Amino acid sequence: MNAVKPAAPTHGRIAEQVPAFAAIGLIGYVVDATITFVGAKYLGLSPELARPPGFIVATIVNFALNRSITFRHARSPLAGSFVRYSLVASVGLAINYAVYSACVALAPIAGIAVKPAILPLFVAAGSGVAMAVTFVGFRFFAFRP
């Protein structure tokens with residue numbers, strides 16, 4: 001009797017990917033928030049200008065980690081994956097930055113001073129909203145099997 005074993009998905013199990021993605025997202029958040037904080041506090045950049053360098057570095061770090069851990073089963077070429085990852089990350093950035101900017105704009109209305117110390121909280125708000133969108137994009141587009 002031949003038992004047919006179902007083929008494992010080539011792009012990994014989502015139950016394993018979500019926690020890895022979240023952990024790597026946390027690393028990206030720390031990189032992004034730290035660079036944003038340093039840019040605002042020590043380089044004198046405005047909150048809007050302090051954010052892009054943090055996002056760029058975090059995107060590169062997250063790509064490397066997600067490619068080697070979360071989506072390690074992906075068979076797509078490295079360069080193609082990076083281009084698609086960057087496209088998805090750009091959509092995530094638009095969502096992320098919109099939320100971040102809204103926080104910066106609305107904080108004074110709520111009586112909260114926009115100082116470097118509060119910016120990591122705004123980065124977290126933007127990152128949290130963008131996380132679900134980027135996971136789907138990375139799983140089914142950037143690292144497609």
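**Cores, a helix and a surface patch**

Twelve residues make up the largest nonpolar core: Phe 21, Phe 55, Phe 63, Phe 71, Ala 74, Tyr 85, Val 88, Ala 89, Phe 135, Phe 138, Ala 142 and Phe 143. Three elements each give two or more residues to this core. They are α2 (47–70), α3 (78–106) and α4 (119–142). A second core, separate from the largest one, has 10 residues. Among them are Ala 50, Ala 107, Ile 118 and Leu 119. The model is predicted.

Take Val 88, a member of the largest core. Which residues does Val 88 touch, leaving aside its neighbours within four places in sequence? Its contacts are Thr 134, Gly 137, Phe 138 and Phe 141. Of these, Phe 138 is also listed in the largest core.

Now turn to helix α1, which spans residues 14–41. Val 31 lies in this helix. Setting aside neighbours within four places in sequence, Val 31 is in contact with Val 57 and Ala 58. Gly 111 is 80 residues from Val 31 in sequence. In space, their C-alpha atoms are 28 Å apart.

Val 38 is also found in α1. Is Val 38 buried, partly exposed or exposed? Its relative accessibility is 35%, so Val 38 counts as partly exposed. Buried would require under 20%, and exposed over 50%.

Val 38 leads to the surface. Together with Tyr 42, Leu 43, Leu 45 and Leu 49, Val 38 forms a nonpolar patch there. The accessible area of these residues together is about 520 Å².

Notes
Residues are numbered from 1 along each chain as its sequence is written. This is a predicted model: local features need pLDDT of at least 70, side-chain atom pairs count only at pLDDT 80 or more; totals for chains, interfaces and linings use all residues. Side-chain values use heavy atoms; hydrogens and water are left out. Patches are made of residues with over 30% relative accessible area and no salt bridge: like charges are joined within 9 Å, nonpolar side chains (Val, Leu, Ile, Met, Phe, Trp, Tyr) within 5 Å. Accessible areas come from the Shrake-Rupley method with a 1.4 Å probe; for residues, only the protein chains shown count as cover. A salt bridge is a side-chain nitrogen of Lys or Arg within 4 Å of a carboxyl oxygen of Asp or Glu. Helices (H or I, at least four residues) and strands (E, at least two) are DSSP runs, numbered from the N terminus. Buried means under 20% relative accessible area, exposed over 50%, partly exposed in between (1.4 Å probe, protein chains only). Contact means heavy atoms within 4.5 Å. A nonpolar core is a set of buried Ala, Val, Leu, Ile, Met, Phe, Trp, Tyr and Cys residues joined through side-chain atoms within 4.5 Å.
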